[in-house]
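Work through the exercises below with the model open. Each task is followed by a solution in steps.

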Amino acid sequence: MHATEHLVEAERLMTVCNSCRYCEGLCAVFPAMELRRDFADGDLEYLANLCHACGACHVDCQFAPPHEFAVNVPRTLAQVRADSWKGHAWPRFARPMFDRNGLAIAIVAALSVAAFILGFALWHDPSVVVASGGDFYRLMPHTAMAGLFGAVGLYAVVALAMGLRSFWKEIGAGSVNAGSPVSLWQAARDAGRLRYLDGGGVGCYNEDERPTDNRRLYHHLTFYGFMLCFAATASGTAYHYLLDWPAPYGWLDLPKLLGIPGGIGLVVGPVGLLRAKLKREPELLDPERFGMDTAFLAMMFAAGASGLALMLLRDTPAMGVMLALHLGIVFALFLTMPYGKFVHGLYRFAALALYAAERRADRPAEAAGTRD
């Protein structure tokens with residue numbers, strides 16, 4: 001017996017697909033499926049997170065609706081995928097957050113923190129809110145800022161790690177040594193270039209049935225934009241503590257050189273992903289999770305846009321308001337990160353590591369050769 005109706009449906013579809021095997025060349029899901037005859041909950045969660053939702057299998061499937069078998073792999077795996085994120089979330093009492101409107105939660109959290117910071121400044125010294133000069137720490141002391149965001153960042157890391165640990169155990173990744181350096185390196189390569197987000201080489205399918213590769217581009221902009229922003233923050237921290245050089249920094253200093261392209265990536269990437277999502281074939285999507293998906297994209301966009309605006313307005317009277325808004329958005333992003341679409345990157349990486357290990361175990365001769 002399976003834990004959810006979505007898992008029951010996923011097992012039915014995988015049984016049909018395992019008999020057909022027409023789509024085995026499209027992505028990693030179907031070769032991984034072919035290694036199994038029975039499908040436990042962990043197997044189905046693994047396959048669901050291995051799926052990149054390109055839609056090619058739905059277009060190619062001879063048993064897709066209106067056929068009586070009604071095979072719709074992308075939507076069913078999307079539902080199982082989202083269920084797995086909720087089922088492994090830590091702590092357990094936070095799991096209902098996946099069922100609520102993620103955008104509303106993120107907006108409320110961001111505005112609440114921004115209001116708190118503004119209120120803190122107004123209560124102590126109202127002039128700092130409209131003061132120019134680019135002195136961030138007149139609004140909020142560095143120790144308070146570092147402590148607040150260090151705490152919420154640590155919480156996010158622990159919550160994400162605990163959820164990933166539970167998922168790793170559920171899919172049985174330890175049984176084939178998926179955590180080996182070779183498997184992790186192959187997973188990093190596949191994830192870094194989104195190897196399986198290509199529909200077998202033609203791209204992702206949309207409502208007009210014309211595949212495009214836009215989702216790959218916008219995923220890259222979003223991911224690498226986020227990583228550049230993280231690197232900018234890390235370099236700023238090193239400047240502050242190691243070089244005794246507090247913010248703000250010049251346009252040619254490393255935090256700015258990393259942060260500006262990172263912010264641009266976080267603006268362009270999420271907008272492109274949302275636009276691509278609105279153009280996708282509705283049959284491929286999980287309509288119940290649309291709010292969660294858009295909340296994540298909106299928060300990433302807001303973080304990038306507010307960061308860029310803060311850089312442009314740092315020497316104007318608007319600096320205080322923009323800093324409060326930016327800090328509130330980033331705080332909300334970190335706080336809600338373990339309970340939204342962000343987790344898909346970690347779970348997909350784990351699935352790719354297991355797939356790399358299974359492929360080596362199943363094809364030792366291939367593993368000894370050169371990988372593409």
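The exercises cover confidence, cysteines, a helix pair and some backbone details.

**Exercise 1. Find which helix has the lowest mean pLDDT and which the highest.**

Solution. This is a predicted model. Start with the whole chain: the average pLDDT is 89, and 95% of the residues score at least 70. Now go element by element. Helix 14 (residues 364-368) has the lowest mean, 43. Helix 3 (residues 41-50) has the highest, 97. Next, check the surroundings of the weak spot. The pLDDT stays below 50 over residues 364-372, and this stretch has 10 contacts beyond near neighbours in sequence. Where pLDDT is low, predicted coordinates should not be read in detail.

**Exercise 2. Explain why Cys27 forms no bond to the closest cysteine sulfur.**

Solution. Search the whole structure: it yields 0 disulfides. Take Cys27 and find the closest cysteine sulfur, which belongs to Cys54 at 6.0 Å. A disulfide needs the sulfur atoms within 2.5 Å. The Cys27 pair is therefore too far apart for a bond. Repeat for Cys51: the nearest cysteine sulfur is that of Cys27, 6.3 Å away, and Cys51 is in no disulfide. Then check burial, with the limit at under 20% relative accessible area. Cys27 is buried at 16%. Cys51 is buried too, at 9%.

**Exercise 3. Classify how helix 8 lies relative to helix 13.**

Solution. Locate helix 8 (residues 181-192) and helix 13 (residues 343-362). Their axes come within 8 Å and cross at roughly 125°. An angle between 115 and 145 degrees falls in the oblique class. So helix 8 is oblique to helix 13. The crossing is right-handed. Finish with the contacts: helix 8 residues including Val182, Leu184 and Ala188 meet helix 13 residues including Phe349, Leu352 and Arg360.

**Exercise 4. Find where the chain has a cis peptide bond between Pro65 and Pro66 or between Trp90 and Pro91, and give omega.**

Solution. Pro65 and Pro66 are joined by a cis bond with omega about 15°. Pro66 sits in the loop between helix 4 (56-60) and helix 5 (73-87). From Trp90 to Pro91 the bond is cis, with omega near -5°. Pro91 belongs to the loop between helix 5 and helix 6 (102-124).

**Exercise 5. Decide whether Ala70 and Asp244, each with a positive phi, are buried, partly exposed or exposed.**

Solution. Ala70 is not a glycine, yet its phi is about 50°. Ala70 lies in the loop between helix 4 and helix 5. At 32% relative accessible area, Ala70 is partly exposed. Asp244, also not a glycine, has a phi of about 55°. Asp244 is in the loop between helix 9 and helix 10 (254-279). At 66%, Asp244 is exposed.

Key
Residues numbered from 1 in each chain as written. Predicted model: local features only at pLDDT ≥ 70, side-chain atom pairs only at ≥ 80, totals over all residues. Heavy atoms only, no water. pLDDT = per-residue confidence, 0-100. Helix = DSSP H or I, 4+ residues; strand = E, 2+ residues; numbered from the N terminus. Contact = heavy atoms within 4.5 Å. Buried < 20%, exposed > 50% of the residue type's maximum accessible area, 1.4 Å probe, protein only. Axes fitted to C-alpha atoms, helices over the stretch in contact; angles between N-to-C directions. Parallel < 35°, antiparallel > 145°, perpendicular 65-115°, else oblique. Left-handed = near helix turned anticlockwise from the far one by under 90°.
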